[in-house]
Amino acid sequence: MKGLEVLSTGYAKINHILDNQQLEKMVDTSDEWIVSRTGIKKRHISCKNSVDLAIEAAKEAIKNIDQSKIGLIVCATMTPANRMPSNACLIQAGLNLNEQDMMCFDISAACSGFVYAMTIVNSLLKTMDDRYALIIGSEQLSSIIDYQDRNTCILFGDGAGAMVVKNSQHAFYSYQNSAGNQEVLSAKNDPQDYFLKMKGQEVFKFAIKVIPESIDQVLNQAGLTLDDIDYVICHQANYRIIKHVYKKYRCPSDKFYMNLDEYGNTSAASIPLALATMNEKGLIKKGMKLILVGFGGGLTWGATLIEW
Ligand code: ACO
């Protein structure tokens, strides 16, 4: 068994919208500046924490599957509801899955969390026969954003996406990397220095270097080219970052799915949220090949090439 079959997806539906016009009243910025620099028009903001958002996404993902087969819950997040217990254990409780053999834990790899989680789940599931895994990316980023800091508050939103997978013969190739660094991106536990901090131009340079590196790594492993890939789903940080990458590959923009205009940057939730919304729209069909690319705080980065 090589890879994973995706059985279902789900995402949290957050009604409260913070659009650029509202941000214009909060900080010295403009819709024109935000859209031209980032592509973001609005973000969804929730009073629910990352456990409750995850449960909402997971409920949708598990509603039509045999829940007794779930043996693993992994939640990627950088805004866990508690230091302990993990989000994943609380999601288990919230889904009433306490009465079955289960392994539950969180992954902290910032915006690369979901890609890291897929690789870990693929390895672990190989020891678990026909059990299913529930993989979730969930963030309440609004809890760590300073809404007086125009450098960061325009970028981020809340969200959660979930996916149920099982072992299969489907293609699965992965690449991960990291470089210990807290200068470029950080969100500390220090009450005096609590909010997310970012050096925007450093992030930009980092992203346009590691996204092609990650894509090339999984393509080389698979012996494929970008022409063989139906969609590349990058972490939804910024339109200009993704545009830079598809231009570099001289490939059509619609191969690089984007929904950041609607959701902003939701960190570990951005890739599963994109997958769930694409799935809902019927964009992803069985047998399609996708590359998922994460990059973010840590610094961390990586990609998985999967077959749907
Ligand atoms: N509205 C208006 N002006 C602003 C805003 C704002 N929201 N934010 C900054 N500015 C100002 C700055 O203060 C600066 O003014 P100054 O020249 O008077 O000093 C000017 O705009 C230019 O600032 P820069 O930081 O040079 O702007 P830049 O063109 O680099 O754009 C941005 C900033 C959008 C953050 C860009 O660097 C970028 O896209 N970086 C990538 C960041 C990113 O995607 N982060 C995602 C989070 S991390 C992750 O998910 C991996």
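These are my notebook entries on the ligand site and the two sheets of this predicted model.

**Ground rules.** I number residues from 1 along each chain as its sequence is written, and side-chain values use heavy atoms, with hydrogens and water left out. As the model is predicted, local features need pLDDT of at least 70 and side-chain atom pairs count only at pLDDT 80 or more, while totals for chains, interfaces and linings use all residues.

**Ligand shell.** I listed the residues around the ligand (near: one heavy atom within 4 Å) and got 25, with Thr29, Gln201, His235, Asn238 and Asn265 coming nearest. By type I get 12 nonpolar, nine polar and four charged residues. Here Ala, Val, Leu, Ile, Met, Phe, Trp, Tyr, Cys and Pro count as nonpolar, Asp, Glu, Lys and Arg as charged, and the others, Gly among them, as polar.

**Polar contacts.** I looked for N or O pairs within 3.5 Å. A side-chain N or O of asparagine 265 is 2.8 Å from a ligand oxygen. A polar side-chain atom of arginine 37 sits 2.9 Å from an oxygen atom of the ligand. On the backbone, a polar atom of glycine 200 lies 2.8 Å from a ligand nitrogen.

**Cover.** On its own the ligand has 1,000 Å² of accessible area, and the protein covers 74% of that (Shrake-Rupley, 1.4 Å probe).

**Which element gives the largest share of the shell?** H7 does, with four residues. Elements giving two or more include helix H2 (31–38), helix H7 (200–222) and strand S12 (289–296). I take helices (H or I, at least four residues) and strands (E, at least two) as DSSP runs, numbered from the N terminus.

**Four-strand sheet.** This open sheet runs S8-S13-S12-S11 with mixed pairing; strands pair if DSSP finds at least two bridges between them. S8 (172–181) and S11 (231–234) are at the edges with a single partner strand each, so one side of each has no neighbour in the sheet. S11 and S12 run parallel, joined by four bridges, and isoleucine 233 stands opposite leucine 292 in S12. H7 lies across S8, S11, S12 and S13 (298–307), at about 35 degrees to S13. Contact means heavy atoms within 4.5 Å; axes are lines fitted to C-alpha atoms, for helices over the stretch in contact, with angles from 0 to 180 degrees between N-to-C directions.

**Five-strand sheet.** The other open sheet has the order S1-S7-S6-S4-S5, again mixed. S4 (70–76) and S6 (132–139) pair parallel over six bridges, with valine 74 opposite isoleucine 135 in S6. Helix H5 (113–125) packs on this sheet, its direction making about 165 degrees with that of S6.

Methods. Polar contact = N/O pair within 3.5 Å; in protein donor to acceptor, adjacent residues only side chain to side chain.
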